[in-house]
Amino acid sequence: VIAFQTQPEPTPTAPVAPEETYSGGTLLVLAYAAIWVIVFGFVFFAWQRTRSLEDKLAAIEGGLRRSREDHDKTRAATETTRRSEDR
Amino acid sequence: VDSLFGGLTLLTAAALVGSLLFIAFVVPTEATMGIVQKIFYFHVPSAYAMYLGAAVCMVGSIGYLASGKQVWDSAARAGAEVAVVMGLMVLITGPLWAAKAWGVFWTWDPRLTTSLLSVLVYVAYVVLRTFTGGGDAEKKFAAALGILGAANLPIIHLSVRKWGGTHPQVITGKGGGLTDPNMKLGLLFGFAAFTLLTVLLVWLRVRQDRAQARIDEALDEASALGLVDD
């Protein structure tokens with residue numbers, strides 16, 4: 001009962017007008033900052049991933065090319081050896 | 001192709017920065033709402049760019065279902081991702097403007113609700129493509145979702161006229177509010193910058209998907225030659 005009696009009287013809170021809560025300038029800066037962060041974030045990650053994939057592709061294609069060349073050289077050497085043995 | 005892509009990147013960056021400077025220093029501040037109204041010059045173009053991304057997704061999806069070619073699927077996926085990126089911008093900048101104009105960040109207004117629904121459809125598309133395998137069934141299911149997502153776009157556009165709501169109709173309401181010619185020019189620059197940005201982002205994403213497809217083909221060839229393990 002004592003605790004209840006010592007409670008302060010509730011004071012009605014008036015609704016805060018939006019212009020008092022948010023400054024137009026702050027909201028504008030936040031909006032444009034969000035746009036730039038989203039655009040740069042997407043471009044940065046997409047670009048990084050594209051570069052990484054293209055580097056990987058170049059490495060694989062280089063390996064394949066070297067392998068084809070080695071394969072052709074080996075085949076040519078085998079052919080020469082076979083011909084000389086035939087003679 | 002690389003120089004063309006580089007040129008487009010520079011042009012897009014210049015258009016975005018130029019548009020931003022024009023909006024900041026040339027476009028006059030609107031008398032009723034004040035400086036917060038300037039959000040409009042990027043909010044509306046980002047909504048338009050979301051439509052563009054969604055249209056690319058729809059065309060790619062139809063193309064993939066009709067032909068089964070990988071390039072259409074890559075375009076559809078790129079379009080969906082761009083639609084999500086642009087949709088996020090719309091859903092962030094809109095509530096920031098509303099906080100000042102309406103006193104609340106969000107209200108279940110028809111246009112806001114249908115826009116949110118549309119972004120969620122494309123988020124579902126992206127989640128589906130990211131976390132499921134790249135099989136033909138998944139691609140076809142995603143293509144159906146890409147077409148379904150586009151069906152919501154006219155509803156967003158017509159929602160204000162059909163069901164009312166509090167969302168303003170600046171463009172469809174014959175440009176009401178854009179009294180100064182520089183305001184119209186600012187919006188036009190915004191549209192141009194976001195068109196370039198959409199083309200750039202779709203291209204970047206398609207390029208990524210094509211590189212991945214070429215890697216898969218090269219790995220198959222390497223595997224056939226016995227150079228790598230399966």
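These questions and answers cover the core and the chain A–chain B interface of a predicted model.

In this predicted model, local features need pLDDT of at least 70, side-chain atom pairs count only at pLDDT 80 or more, and totals for chains, interfaces and linings use all residues. Residues are numbered from 1 along each chain as written, chains are lettered from A in written order, and side-chain values use heavy atoms, without hydrogens or water.

Trainee: Which helix gives the most to the largest nonpolar core?
Mentor: A nonpolar core joins buried (under 20% relative accessible area, 1.4 Å probe, protein chains only) Ala, Val, Leu, Ile, Met, Phe, Trp, Tyr and Cys residues through side-chain atoms within 4.5 Å. The largest has 56 residues. With 14 residues, the top contributor is H3(B).

Trainee: Which chain A residue does Tyr41(B) touch?
Mentor: Tyr41(B) is among the residues with the most contacts inside the largest core. Contact means heavy atoms within 4.5 Å. Residues up to four places away in sequence are not counted. Its partners include Ile23(B), Leu178(B) and, from chain A, Tyr32(A).

Trainee: What area is buried between chain A and chain B?
Mentor: Here 29 residues of chain A contact 39 of chain B. Buried area is the accessible area (1.4 Å probe) that two parts lose on being put together, summed over both. Carbon and sulfur atoms give 80% of a total of about 3300 Å².

Trainee: Which residue forms a salt bridge with Arg68(A)?
Mentor: A salt bridge puts a side-chain nitrogen of Lys or Arg within 4 Å of a carboxyl oxygen of Asp or Glu. The count between the chains is two. For Arg68(A), the closest N and O atoms are 2.6 Å apart, and the partner is Glu221(B).

Note on methods: Buried < 20%, exposed > 50% of the residue type's maximum accessible area, 1.4 Å probe, protein only. Helix = DSSP H or I, 4+ residues; strand = E, 2+ residues; numbered from the N terminus.
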